[in-house]
Amino acid sequence: MAKLYFKYGAMGSSKTATALITKYNYEERGMAVWLLKPAADDRDGASVIRSRVGLLAPADAVAAGDDLLQRLAARPRPDVIVVDECQFLAEAQIDQLRAIVDLENIPVLCFGLRTDFQTRLFPGSRRLFELADSITEIKTICACGAKATVNARLDPQGYILTEGAQVELGGNERYLAMCHRCYMTHIREHKKVR
């Protein structure tokens with residue numbers, strides 16, 4: 001019986017590397033993987049998923065209005081679907097992934113962030129928390145050694161930003177995973193993180 005999986009973590013928790021390793025493991029067993037990523041994530045190009053540790057693979061980009069059930073019907077049937085940066089998918093697309101699991105009996109593994117830089121759930125992540133059969137946290141640590149749960153957005157001077165658009169792409173130069181205590185301390189004391 002197929003399931004909908006949500007594997008989430010703060011930035012730097014190796015979510016993308018884990019997604020690519022998952023893809024490799026299925027393919028090593030002769031299974032067909034449909035690797036997806038939201039079109040909004042174009043940091044490494046429209047059709048490439050790249051991890052910070054250097055793993056990469058071609059992927060199909062999902063535009064905001066794409067119907068994943070229709071796209072599935074128009075391609076060879078995969079044995080599994082792996083989605084990176086799933087927090088950027090629309091709620092309707094998460095519903096479509098749920099329908100693929102239920103109607104087509106294809107497992108779907110989604111990897112992404114839980115919350116944004118203001119500690120608010122992304123719509124795609126919220127819907128996955130509501131619908132996923134399995135929810136797993138991929139852990140990483142703050143500079144203080146505690147578990148990191150916050151994705152702090154930094155300005156060029158190294159101060160934490162608390163206002164702005166929910167989606168602003170960036171990597172280590174723009175975001176830092178932190179525990180909530182360090183996050184609040186840096187904001188309250190207006191301390192540089194770096």
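## Two loop residues with positive phi

Asn-105 comes out as partly exposed, with a relative accessible area of 45%. That value, like everything else here, comes from a predicted model. As for where Asn-105 sits, look in the loop between H3 and strand E7 (108–112). Its backbone is worth a glance too: Asn-105 has a positive phi of about 55°, although it is not a glycine. For background, most residues other than glycine have a negative phi.

Thr-119 goes on the list as well, with a positive phi of about 65° and, again, no glycine in sight at that position. You'll find Thr-119 in the loop between E7 and helix H4 (123–131). Is Thr-119 buried or partly exposed? Its relative accessibility is 34%, so it counts as partly exposed, since that class runs between the 20% and 50% cut-offs.

## The annotated binding site

Now for the stretch that carries a label. An unreviewed UniProt entry has a "binding site" annotation covering Asp-84, Glu-85, Cys-86 and Gln-87. Asp-84 lies in the loop between strand E6 (80–83) and helix H3 (91–104), and Glu-85 is in the loop between E6 and H3 too.

How accessible are these two? Asp-84 has 3% relative accessibility, so it counts as buried. Glu-85 is at 10%, and because buried means under 20%, Glu-85 gets the buried tag as well.

## Who touches whom

Leaving out residues up to four places away in sequence, Asp-84 touches Thr-16, Ala-19, Leu-36, Lys-37, Pro-38, Ile-49 and Phe-111. With that exclusion again in force, Glu-85 has contacts with Thr-16, Pro-38, Asp-41, Arg-43, Phe-111 and Gly-112. Thr-16, Pro-38 and Phe-111 turn up on both lists.

There is also a link inside the annotated stretch. Which side chain does the side chain of Glu-85 make a polar contact with? The partner is the side chain of Gln-87, at 2.6 Å. Both residues are covered by the UniProt "binding site" annotation.

## Over at strand E9

Leu-154 belongs to strand E9, which spans residues 150–154. With a relative accessible area of 2%, Leu-154 is buried.

If you want a long vector to draw in the viewer, try Leu-154 to Leu-69: their C-alpha atoms are separated by 38 Å. Along the chain, the two leucines are 85 residues apart.

Key: Residues numbered from 1 in each chain as written. Predicted model: local features only at pLDDT ≥ 70, side-chain atom pairs only at ≥ 80, totals over all residues. Heavy atoms only, no water. UniProt positions renumbered as here; feature names shortened; annotations may be inferred. Helix = DSSP H or I, 4+ residues; strand = E, 2+ residues; numbered from the N terminus. Buried < 20%, exposed > 50% of the residue type's maximum accessible area, 1.4 Å probe, protein only. Contact = heavy atoms within 4.5 Å. Polar contact = N/O pair within 3.5 Å; in protein donor to acceptor, adjacent residues only side chain to side chain.
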